[in-house]
Amino acid sequence: MWCAVDWAGFSEEDLGTVVTTLGNVSGFNRLADRMQQGFVNFLYLGRALIHPDGFVDDPAFQYDAGSGLEPVIDTSELYFEGISQGAIMGGALTALSPDFTRAVLNVPGMNYSSLLRRSVDSDEYFKLPDFGLYPNYPNELERPLLLSMMQLLWDRGEANGYAHHMTDDPLANTPQHDVLLQLATGDHQVSNVTAEVEARTAGIPVYKPALEPGRHWESIPDSC
């Protein structure tokens, strides 16, 4: 059974905070706080899916089996799968989760200060007339510095601050996690190099051969 909530920090209700932050990055802490709220929301959702007093106890998640109501949710195991934005944030969620031990991150990456400069999707906000980051910070020498400073707060709200604890060095009161990263080759939105950095930081080995001969972007593919 699939279940999800909006990623607080990146949902429609956060649009005003995002636009305000792009105009004045001194308020970026509010956005990082919302990202942390997103983790809390998903952790609560996961617990509600497997707890005996959670969704399984609600008639909305039960059916009439003839001999009485039976739950439609199997509470024996909880997993996580995130795609793109969900995979970027899912790296941190995995490290934080006390309830699931297996996660699949499709099109993953980490370190937003690297990701956004390489993503065509960020142009929608960075180049937004009057309100975007670039109109408000036109000096191109300042922009990398700004993003690097923002990353200090981003580390609390994305995988970059949690990757060391994603697999075999778990945080307190959390289990070890098995994590599968699945990249999209040559991705122009979530750069492959950011996923490679995440895999190396988390100690996740590369399945070989990962690609057909001649398709890897490195001159020496086995060095990755």
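## Overall fold

The chain holds eight helices and five strands. This is a predicted model. From start to end of the sequence, the elements run α-α-β-β-β-α-β-α-α-α-α-β-α.

Along the principal axes, the C-alpha atoms fill a box of roughly 70 × 45 × 30 Å. The chain has 224 residues, and 38% of them count as buried.

## Strands E4 and E5

Strand E4 covers residues 102-106 and runs parallel to E5. Five bridges join the two strands. One bridge partner pair is Ala 103 and Val 179, the latter in E5.

Strand E5 spans residues 178-182, and its side chains alternate. Val 179 and Leu 181 point to one face and are buried. Asp 178, Leu 180 and Gln 182 point to the other face and are not buried. In a regular strand, side chains alternate in this way between the two faces of the sheet.

## The second largest pocket

The second largest pocket has a volume of about 690 Å³. Its lining is made up of 29 residues. Nearest its centre lie Phe 10, Gln 85, Tyr 112, Leu 116 and Tyr 125.

Several helices give two or more residues each to this lining: H1 (15-23), H2 (28-50), H3 (85-96), H4 (112-115), H5 (123-126) and H7 (142-154). H1 supplies the largest share, four residues. By residue class, the lining of the second largest pocket divides into 18 nonpolar, eight polar and three charged.

## Aromatic contacts

A search of the whole structure gives ten aromatic pairs. One pairs Phe 126 with Tyr 134. Their ring centres are 5.2 Å apart. Their planes meet at 55°, so the pair is tilted. The cut-off behind that label is simple: planes under 30 degrees apart count as stacked, over 60 as edge-to-face, and the rest as tilted.

Are these two residues buried or exposed? Phe 126 has a relative accessible area of 4%, so Phe 126 is buried. Tyr 134 has 16% relative accessibility and therefore also counts as buried. The limit for buried is under 20% relative accessible area.

Tyr 134 has a charged neighbour too. The charged end of Arg 143 sits over the Tyr 134 ring, 3.9 Å from the ring centre.

Elsewhere in the list of aromatics, six residues form one cluster: Trp 7, Phe 39, Phe 42, Phe 80, Phe 100 and Tyr 162.

Note on methods
Residues are numbered from 1 along each chain as its sequence is written. This is a predicted model: local features need pLDDT of at least 70, side-chain atom pairs count only at pLDDT 80 or more; totals for chains, interfaces and linings use all residues. Side-chain values use heavy atoms; hydrogens and water are left out. On a 1 Å grid over the protein atoms alone, a cavity is a set of points where a 1.4 Å probe fits but cannot get out, and a pocket is an open set with protein on both sides within 12 Å along at least five of seven lines; lining residues have an atom within 4 Å of a point. Grid points are joined across faces, edges and corners, and a volume is the space filled by probe spheres set on the points. Ala, Val, Leu, Ile, Met, Phe, Trp, Tyr, Cys and Pro count as nonpolar, Asp, Glu, Lys and Arg as charged, and the others, Gly among them, as polar. Buried means under 20% relative accessible area, exposed over 50%, partly exposed in between (1.4 Å probe, protein chains only). Two strands pair if DSSP finds at least two bridges between them. Rings of Phe, Tyr and Trp (its six-membered ring) pair if their centres lie within 6.5 Å; planes under 30 degrees apart count as stacked, over 60 as edge-to-face and the rest as tilted. A charge sits over a ring if NZ of Lys or CZ of Arg is within 6 Å of the ring centre and within 35 degrees of the ring normal.
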